[in-house]
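The following exercises concern a ligand site and a helix pair. Each task is followed by a worked solution.

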Amino acid sequence: MNILITGGAGFIGLALTDALRVAGHTVTPLDNLSVTSRRPSPKGLVVREVRALTPRDLDGVDTVIHLAALKSVPDSFETGNLEHNVAVDRHILHTFVVSTARRLLMASSCEVYGEQTGPLAENAPYAARSPYAVGKVASEQLAGIYRPLLGDGRQLGIVRFFNTFGPQEGADAVVPAFLSAVTGDRPLTIQGDGTQARDLTYIDDAIAMLTRVLDGPELLPVVNLGSGRAVPVRDVADAVIRAAGRGTITHAAPRINEISSFTADLSLFTRTYGTVDRTPLDAALALSLQSFGRPLTAAGPRR
Ligand SMILES: NC(=O)c1ccc[n+]([C@@H]2O[C@H](COP(=O)([O-])OP(=O)(O)OC[C@H]3O[C@@H](n4cnc5c(N)ncnc54)[C@H](O)[C@@H]3O)[C@@H](O)[C@H]2O)c1
């Protein structure tokens, strides 16, 4: 298949580009490189703004995987992330609808669920608690408006990622922030008391599951992509210290509108696409640590 990945130089885009190429697909990663990072760009990267794409650019493309976004939840309270992301999503939706491409798969987020109890299924109500989440809700609703405009055989799907982590992720998310701290001999900073729990998915597992979605019978209008395993942030910090063999913990003020727990209900995913992959957390953290590139010495965790 001929696949275009927007946000192709990002954390998930980079890993997905590699995996789909290994599987024999022709992949064009596209990114405006607006999110600075220390990662290398993928081979064949098209440096371009998503909002500059035209329907002609999708000639010959079978599937568009739209990952480009500004994803920092805290930043979204202060910056134009919401407006940017919705404008980008609206542009890709319209461009796709009037193009000849067959499928569009868009990235959404568990943040659309906000504060709710128990495993979160796709039919739970929207309860956004940040501008970033409001943007993802808006984009999902825009997708619902564009979907009926598609002709036969064309598909528009959404995956709601939970907290995906692994090598090459920018240090603004909780796991890479801890990994960066421990390898830089700085304390791991937990915002709040650390009881807030996150559904953590190792990147290789997320990519395996995404591949199953792409190879599956159809793109669902919306499907969760997570591990179904919620881990309190203080346990993540302890696990990072265990994996590194050293480290200390400090606490800072909680985030604005911090959500107490995310756990993915993966019933729809397993019914439609089969297995959910779950690399054990300790193993996934050890693999992620390697990408921070500094040898670690053994020493007991301290608080
Ligand atoms: N990583 C996670 O845990 C997670 C969780 C929930 C949802 N998501 C969603 O998954 C998608 C991918 O996330 P990621 O972790 O790879 O993020 P990332 O920040 O690593 O990558 C996003 C990429 O998009 C690019 N980009 C942003 N705006 C662009 C534009 N207008 N034109 C072209 N390129 C642009 C950036 O330069 C960056 O390389 C995002 O939509 C994000 O909101 C990710």
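A polar contact is a pair of N or O atoms within 3.5 Å; within protein, one atom must be able to donate a hydrogen and the other to accept it, and residues adjacent in sequence count only if both atoms are side-chain atoms. The model is predicted, with local features requiring pLDDT of at least 70, side-chain atom pairs pLDDT 80 or more, and totals for chains, interfaces and linings using all residues. Residues are numbered from 1 along each chain as its sequence is written, and side-chain values use heavy atoms, without hydrogens and water.

**Exercise 1.** Identify the polar contacts of the ligand with K136, F11 and L67, and state how much of the ligand is buried.

Step 1. The side chain of K136 places an N or O atom 3.0 Å from a ligand oxygen atom.

Step 2. Backbone N or O atoms also approach ligand oxygen atoms: that of F11 at 2.8 Å, and that of L67 at 3.0 Å.

Step 3. The protein buries 96% of the 830 Å² that the ligand exposes when taken alone (Shrake-Rupley method, 1.4 Å probe).

**Exercise 2.** Describe the shell around the ligand by number and class of residues.

Step 1. The ligand is surrounded by 29 residues (a heavy atom within 4 Å), with F11, D31, E49, K71 and Y132 the closest.

Step 2. By class, 14 are nonpolar, nine polar and six charged (nonpolar: Ala, Val, Leu, Ile, Met, Phe, Trp, Tyr, Cys and Pro; charged: Asp, Glu, Lys and Arg; polar: the others, Gly among them).

Step 3. Strand β5 gives the largest share, three residues (DSSP runs: helices H or I, at least four residues; strands E, at least two; numbered from the N terminus).

**Exercise 3.** Determine which residues of α5 and α7 meet.

Step 1. V174, V175, F178, L179 and V182 of α5 meet V233, V236, A237, V240 and A244 of α7 (heavy atoms within 4.5 Å).

Step 2. This contact comprises ten nonpolar, no polar and no charged residues.
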